[in-house]
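Here is a short, friendly walk through one structure. Keep the viewer open and follow along as you read.

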Amino acid sequence: MKALLDWFDSRTGYRKLVKTALFEHVPGGARWRYVWGSTLTFAIVVQFITGFFLWMNYSPSAQTAWESVHYINDVMPGGWLLRGIHHFMAQVMVPLLVLHFMQVIIDRAYQAPREVNYWFGLGLLVLTLAISLTGYLLPWDQRGYWSTKVATNLISGVPLIGDQMQRLVVGDANYGHHTLTRFFAMHAGLLPALMVLLIIGHVALFRKHGLTPKLPKKKKDAMFFPDQVLVDAVACLAVTVAVLCLVWWFRGAELGAPANPSEPFSAARPDWYFMSLFQLLKFFQGENVIWGSLIIPGFVFALLMLMPLLGRWKIGHRFNLFVLFAALAGFGVLTAIAFTHDARDTHYRTAVAQGHRDAERTKQLAKANQGIPTEGALALLRGDPLTQGPRLFASQCASCHTYDGHDGLGAQLPEPPTAPDLAGFGSRDWLRGFMDPAQIETPKFFGGTAFVHPKPGEKKSRMVRLILDDVAKYSAEEKAQLEKIIAAISAEAKLPAQKAHDVRDTVLIEEGRKLLADVTLDCTDCHKFHDTAGGKAPDFTGYGSREWLAEFLKNPGHERFYGKHNDRMPAFGQTSRLTARELDLLIRWLRGE
Amino acid sequence: MRAMSNDPSPSQGIPAPAPAPEGDRREFLKSAACFALGGVCVLVPVVAGVTVLIGPLRRPAADGSWVELTKLDGLKLGGAPRLFQVFVERTDAWTRHGRNAVGAVFLERLAENHVRAFQAACPHLGCAVEWRGEEKHFFCPCHNSAFSHDGAIINPSPSARGLDTLEVAIHGDGGVWVKFQDFKAGVKQKLPVA
């Protein structure tokens with residue numbers, strides 16, 4: 001063995017290299033304050049390792065980016081841990097960078113003759129942030145998509161060449177395949193390669209000039225290995241444990257709903273360390289945005305660049321310390337403002353909650369479908385009643401109707417509803433409430449309609465009068481009959497949620513059907529029911545079923561439904577406000593399918 | 001030029017240092033601790049990565065899929081072997097494909113109710129074999145493996161075995177169904193690919 005190593009040494013001189021690498025002089029002994037550079041190097045090594053394995057499973061295109069990250073995160077064994085480490089190590093690198101920077105300034109390690117090395121360090125800082133920014137888009141989820149759009153739109157504000165630069169970065173006028181391939185090439189190719197070069201230069205210059213000791217020296221001098229290395233290793237272990245705790249606490253890195261260009265995500269935010277810049281943008285109006293995006297950050301960065309030169313001035317070091325803490329305070333205050341603003345913003349919180357729901361729903365659908373169609377995960381969401389129903393309801397129905405008291409998406413209507421609440425429409429509960437003299441005139445049913453508030457000189461509708469006058473005086477026997485009729489009408493809807501009841505109560509429902517056909521309680525005076533002819537009120541045949549709702553929505557003023565008594569309900573089929581597909585999604589959601 | 005190491009941390013596997021002076025247990029323990037702690041730190045991302053890397057080894061083996069290629073009356077009795085493309089529903093990682101091309105099969109009707117099916121992938125190294133009508137044999141243009149009309153090796157041949165037959169079922173409606181499978185290339189035995 002020794003002979004082999006001797007041979008290798010004579011050909012390479014590796015022993016000398018190892019010796020110079022390890023047996024660096026540490027004046028004043030090993031100290032905790034020297035660990036930050038090592039922890040950063042370690043963090044970058046971890047990012048290279050985890051990044052490489054993620055790379056092996058990632059596919060950068062508009063139809064596969066989210067999908068492949070979902071596959072890594074939620075299907076591949078260990079994938080959530082791998083992606084979690086990569087994500088949270090990137091988060092942890094930012095405070096490590098700040099600590100490293102503070103130590104360098106406070107201990108005067110930026111001053112002559114170490115100016116160039118300090119600039120290398122600043123270059124590494126910028127590279128790290130650039131890698132974070134490009135990585136944020138790669139999962140192609142709503143958050144990354146919309147917040148990166150802000151960043152690329154800022155590029156177009158660069159004087160003269162902004163538009164061209166933006167197009168080069170995005171790969172086209174709009175986001176698409178080439179945005180991902182370009183960002184990915186930067187994130188996993190050019191930027192890490194530059195980083196390696198700068199780290200080599202950074203460490204080589206660090207060795208050339210030696211460590212800047214913190215004075216006064218507390219202990220006698222030590223060697224880099226093993227004394228400082230041991231301290232560094234403990235610090236790296238602490239970083240590892242911190243990252244693993246974060247991964248565990250947050251159950252891995254979040255993957256939002258797939259990017260959807262037609263659905264602006266109002267909770268789009270950059271990663272937390274960019275929130276201060278994000279906040280800064282809010283202070284400038286119109287085309288002044290360049291102050292927040294370029295001039296102020298550029299000025300601060302220029303001050304940092306100049307620190308070694310300013311440090312030669314008599315009170316330069318104190319000035320630099322002031323700049324350092326002022327910059328940190330600015331960073332902290334702006335970040336805090338941004339986060340408290342969001343925490344108090346109900347629209348933001350609603351959008352976040354909606355994003356979580358969509359993300360979970362997409363994953364559920366992918367699982368139920370045993371995979372994602374070639375069109376991508378968005379196609380799953382677009383064809384999903386549970387996702388699209390509430391949105392369609394909010395945009396098309398909620399100007400008059402409520403759903404369980406809200407607009408379908410959880411928000412309140414700006415004005416009181418003028419039409420019934422449609423949650424559970426066609427169910428026994430809903431019909432029972434409708435027939436209740438105490439409820440029919442509430443906003444939940446006809447309270448906001450012309451049936452209760454007729455034009456001056458006209459009477460309330462016959463149905464409302466029947467409920468208020470007759471039903472209120474029903475005998476016990478008549479009430480029992482009504483209950484059977486309700487069961488029979490409700491069974492027409494064939495609601496999935498009521499299937500068990502409909503099967504259990506076949507006898508009851510059959511009795512109800514007979515009562516309807518026998519014109520008991522006068523229902524079929526006005527309402528048609530299968531073979532029993534009715535009058536001018538809506539048809540009970542198939543009431544609340546898919547077919548009934550589809551026809552009703554197409555034309556509620558048809559003779560089969562309200563006829564000329566229709567109160568403001570639009571004919572969605574005739575105005576083509578909704579496509580057949582949208583109608584179907586809305587109906588399936590209303591019916592709880 | 002004093003040093004060119006590009007990493008002062010223990011994260012890139014530092015080679016053993018020169019042996020510590022005898023009796024210097026403290027120094028030795030320190031060095032050992034450096035390696036142990038550094039090792040743990042680097043092991044965490046490596047273990048996570050390798051777990052994901054070996055995922056494909058842990059997926060359950062696929063057991064071929066039955067697919068209808070044609071109807072009996074589409075195959076002429078006594079005709080030459082005909083090549084049929086095979087499309088099956090397939091899940092590729094996250095994507096669920098509708099009908100996706102997975103390979104090709106030679107079908108030949110030997111008797112009224114008897115159809116023979118050969119995998120078109122050469123058992124040598126997986127190129128696609130073709131039927132040469134004038135020589136009445138199968139031929140692989142990659143490495144010149146030749147197979148007789150009944151699929152046997154024509155020696156000398158680079159292939160270790162004859163063409164792979166596939167299970168065939170004739171359904172009541174005349175549908176010709178084949179159990180499409182891939183087999184391991186380059187070996188004598190016909191082993192389904194997991």
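The report below goes from the core outwards to the backbone details.

## About the model

Please bear in mind that this is a predicted model.

## The nonpolar cores

A good place to start is the interior. The largest nonpolar core holds 91 residues, and the members that touch the most others in it are A43(A), I85(A) and M89(A). Helix 5 of chain A is the biggest contributor to this core, giving 13 residues. If you center your view on M89(A), you will find that M89(A) touches A43(A), V46(A), Q47(A) and V243(A), leaving aside residues up to four places away in sequence.

Another core lies apart from this one, with 42 residues. Among its members are Y403(A), F425(A), I440(A) and L586(A).

## A two-sided helix

Helix 18 of chain A covers residues 462-470, and V464(A), L466(A) and I467(A) are buried in it. Which side of helix 18 of chain A do they take? They span an arc of only 160° around the axis, so they sit on the same side of helix 18 of chain A. Turn to the other side of this helix and you meet R465(A) and D469(A), which are exposed.

## The sheet in chain B

Chain B has an open sheet of 4 strands in the order 2-3-4-8, with antiparallel pairing. Its edges are strand 2 (82-92) and strand 8 (165-166) of chain B, each of which pairs on one side only.

Within the sheet, strand 3 (residues 95-111) and strand 4 (residues 114-119) of chain B run antiparallel and are joined by 6 bridges. To see one bridge pair, look for E108(B), whose partner in strand 4 of chain B is R116(B).

## Where the chains meet

How many residues does the contact take from chain B and from chain A? It takes 39 residues from chain B and 54 residues from chain A. On the side of chain B that touches chain A, at least two residues each come from helix 1 (25-53), helix 2 (55-58) and strand 3 of chain B. Helix 1 of chain B gives the most to that side, with 17 residues.

The residue types on this side of chain B are mixed: 20 are nonpolar, 13 are polar and 6 are charged.

## Backbone details worth a look

Most peptide bonds are trans, and most residues other than glycine have a negative phi. Chain A offers some exceptions to look up. The peptide bond from A112(A) to P113(A) is cis, with omega near 5°, and P113(A) is placed in the loop between helix 5 (79-106) and helix 6 (115-137) of chain A. A cis peptide bond also runs from F225(A) to P226(A), with omega near 0°. P226(A) is found in helix 10 of chain A, residues 224-249.

Two residues are worth checking for phi. Q370(A) is not a glycine, yet its phi is positive, at about 55°. Q370(A) lies in the loop between helix 14 (346-368) and helix 15 (377-382) of chain A. Is Q370(A) buried or exposed? Q370(A) counts as exposed because it has 9 C-beta neighbours inside 10 Å.

R568(A), again not a glycine, has a positive phi of about 65°. Its place is the loop between helix 23 (546-554) and helix 24 (580-590) of chain A. With 10 C-beta neighbours inside 10 Å, R568(A) therefore counts as exposed.

Notes
Residues numbered from 1 in each chain as written. Chains lettered and ligands numbered in written order. Predicted model: local features only at pLDDT ≥ 70, side-chain atom pairs only at ≥ 80, totals over all residues. Buried ≥ 20, exposed ≤ 12 C-beta atoms within 10 Å, placed from the backbone. Pairing = 2+ DSSP bridges. Arc of directions from axis to C-beta. Contact = placed C-beta atoms within 7 Å. Nonpolar A, V, L, I, M, F, W, Y, C, P; charged D, E, K, R; others polar. Core = buried A, V, L, I, M, F, W, Y, C linked by C-beta atoms within 7 Å.
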